[in-house]
Amino acid sequence: MAAVTDQFAAPDVPVRKTPMGTFDLVFRNASLAAALFVLVLLAGIMVSMVVGGWPAFREFGLGFLTSSVWDTQNEQYGAWPAIVGTLSTALIALVVGVPLSLGIAVFLTQLAPPWFKQPVSTAIELLAAVPSIIYGMWGLFVFVPLFAAYVQIPLSNLVEGMPVVGTILYSRSPSGLGILTAGIILAFMIIPFIASITRDMLDQIPSVLRESAYGIGATTWEVVRHVLVPQAGVSIIGAVMLGLGRALGETIAVSLIIGTTNGAFSWSLFSGGETFASKIANNAQEFDTPTKAGAFIAAGLVLFVLTFVVNAIARIVIERRKAFSE
Amino acid sequence: MSTTTQQPQVQPAPIPALATGRVVRNRIASVLVHLAFAIAVVPLVWILYSVLRHGWNLLLDSGWWTHSQRNINPERVGGGAYHAIFGTLAQAFVCAVIAVPLAVFTAIYLVEYGRGRFARLVSFMVDILTGIPSIVAALFIYALWVTTFGLQRVGFAVSLSLVLLMIPVVVRSTEEMLKLVPNELREASYALGVPKWKTIARIVLPTAIGGIITGIMLGLARIMGETAPLLILGPYAASINTDVLSGNMAALPTMIRENFGLPDQPAIDRMWAAALTLILIVLILNITGRAVARFSGVRK
């Protein structure tokens, strides 16, 4: 026994006494502390929004969400127009933006030649980084006048007097601003975002699937529709929801373009309106005393809950897809 | 090999042409997709073109980069954007100083140490933080800084809300890069007797540093364009202010807003020029970040 161990015993290797040195512990705890801090931060946001917004809810109850009166003088706050504005702009943004994003993604992955695909993909990712105030500026100074001249006025003249379409598409004073325009600008903002993610998803599908489909004689469109989209389908939904989350929270561009509202509710797509984000932004000047900020923090709370839910669903959907395909 | 049998040539059966319906649908879909691409890309390119066209000539003036807007009325031509550029860069720098260590260590925790439900919770929450609208982050810092602590609205408060927005971006990208470092590298290090912290600090991090820098630059680009925190926490100032802890500090987005909607041509020019400056900074950060990723570190 002794002879065997002697043969293999290394001469001078110091035996480590503790499995983890002291600095190891320090380092580990530092990382843990950082992770905890991030959690604390998020919890802090939730708590402070609830605490700040609670008085408004306590005073008005659910009326905060259903009333249309927002009067700072008389301390009457109702956020219903904001809800309508937020949801309708986001809906318009999705309706316009998602098909275009999917079109871009499909085009880049299936139809574009390789020399075209790489630079354009990079370009689209760079476009996603353009600050939203730039979109707002362009929207207001370039898009809105053109929209008013070429779309809004002709459309108004066309549908004047018609029963249903007349109310939705009619605008009394066509300025180009309004919910529809804001929704369209929002769509342009989320297109690069959704397109990049969808393109990544489509690229990750193993080409074996595509090639087998082509091999049995499918046309390009059939491959896209019956093979690629079902395969990436759930992740596309996740990407769309992420885009929706961004659209809900978008502040600056929307506040510039959505125009003003006098509180009266109108079915017209061309009427002005407000979203939670634009409401808070437009009144930010008054935030120098905390008393006025109360109701706006409540509005911020609603916005936070909305985006939280949307993002949570998106992540769960994407995670489940990832786990399923691994 | 036998020389006898010559198999009669078998003619392959002619491939039947595709059903017309399928061909037509394919054509229509192809046209629609091309159209969608054009419709979507045109406005995006148009935006960049508009800003470039309206803003470029003010940028050529060296005064733009060295002067502020002090004593400049909307009708007067002159002055520059130095105060705003400084403000944007300073606030971003302060934000990075706070956010980067926090984010990198969080990512280290998630990849190297975290196991089980707590790590999954943290990961989930980081994802949620990614989606928080900037205005909500700003409201939170407002509630904390102004309502609770009663402090003034200064540049530092803006940086704090930007920290909230930068952390998730850097955590995610650092996490991705750390995961890409091959495990064999770590195991070789442990086998040599290197303690865990040293493995992470001297081997894993340097390997992943390229991607981490990319993540930081992309995060910086994102926060420099955020306007909502500036609206709530950072009122505009026309003069140069180098103190993050007191007084109003200008930034490019608020400078844009300051000149917004005014009828005077000089103001309009300044607005577009400020927008172009902002886009340039953001794009340069993005492109440099991607270049760093491409030329260094672990490849996918």
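B:R22 comes out as partly exposed in this predicted model, because its relative accessible area is 24%, and buried here would mean under 20%. This arginine pairs up with A:E222 in a salt bridge, with 2.7 Å between the closest N and O atoms. B:R22 sits in helix α1 (residues 20–59) of chain B and A:E222 in helix α10 (residues 220–249) of chain A, so this pair joins two chains. The glutamate end is the buried one of the two categories: A:E222 has 14% relative accessibility, so it counts as buried.

The bridge between B:R22 and A:E222 has company, since a search of the whole structure turns up 11 salt bridges over all chains. Another of them brings together the side chains of A:R199 and A:E125, at 2.7 Å from N to O. That pair ties distant parts of the chain to one another: A:R199 belongs to helix α8 (residues 179–204) of chain A, A:E125 belongs to helix α5 (residues 114–127) of chain A, and their positions lie 74 residues apart in sequence. As for cover, A:R199 is buried because its relative accessible area is just 8%, where the cut-off is under 20%. A:E125 has a relative accessible area of 23%, so it goes down as partly exposed.

These two residues also turn up in a wider arrangement. A:K117, A:E125, A:R199, A:D203 and B:R290 are linked in a network of salt bridges. The list holds residues of chain A along with B:R290 from chain B.

A further salt bridge, this one within chain A, runs between A:E250 and A:R246, and here the closest N and O atoms are 4.0 Å apart. A:E250 counts as buried because its relative accessibility is 8%. A:R246, at a relative accessible area of 25%, is partly exposed.

Turning to the chains as wholes, chain A contains 13 helices and two strands. Of its 326 residues, 49% count as buried. Contacts in chain A lean on long stretches of sequence: of those between residues at least 6 apart, 73% join residues at least 24 apart. Its accessible surface adds up to about 15,700 Å², and carbon and sulfur atoms account for 67% of that.

Chain B is built from 11 helices and has zero strands, which reads along the sequence as α-α-α-α-α-α-α-α-α-α-α. Its radius of gyration is 27 Å, whereas a compact globule of 300 residues would come in near 19 Å. The C-alpha trace of chain B stretches over about 105 × 60 × 35 Å along its principal axes. Even so, 51% of the 300 residues in chain B are buried. Among contacts in chain B with a separation of 6 or more, 74% are between residues 24 or more positions apart.

On the outside, chain B exposes about 14,400 Å², with 64% of it supplied by carbon and sulfur atoms. Its charged side chains number 23 positive and 13 negative, and the centres of the two sets are 10 Å apart.

Two buried spots in chain B give a closer look at its helices. B:S159 is found in helix α6 (residues 155–180) of chain B. With 0% relative accessibility, this serine counts as buried. Setting aside neighbours within four places in sequence, B:S159 is in contact with B:Q91, B:V94 and B:C95.

The other spot is B:A267, which has its place in helix α11 (residues 265–295) of chain B. B:A267 is buried because its relative accessibility is 0%. Apart from residues up to four places away in sequence, this alanine touches B:P74, B:N259 and B:L262. B:A267 and B:I213, in turn, are 54 residues apart in sequence, and their C-alpha atoms are 37 Å apart in space.

Methods:
Residues are numbered from 1 along each chain as its sequence is written. Chains are lettered from A and ligands numbered from 1 in the order in which they are written. This is a predicted model: local features need pLDDT of at least 70, side-chain atom pairs count only at pLDDT 80 or more; totals for chains, interfaces and linings use all residues. Side-chain values use heavy atoms; hydrogens and water are left out. Helices (H or I, at least four residues) and strands (E, at least two) are DSSP runs, numbered from the N terminus. The radius of gyration is taken over C-alpha atoms; the globule rule is 2.2 Å times the number of residues to the power 0.38. Buried means under 20% relative accessible area, exposed over 50%, partly exposed in between (1.4 Å probe, protein chains only). Contact means heavy atoms within 4.5 Å. Accessible areas come from the Shrake-Rupley method with a 1.4 Å probe; for residues, only the protein chains shown count as cover. Lys and Arg count as positive and Asp and Glu as negative; His and the chain ends are not counted. The place of a charge is taken as NZ of Lys, CZ of Arg, CG of Asp or CD of Glu.
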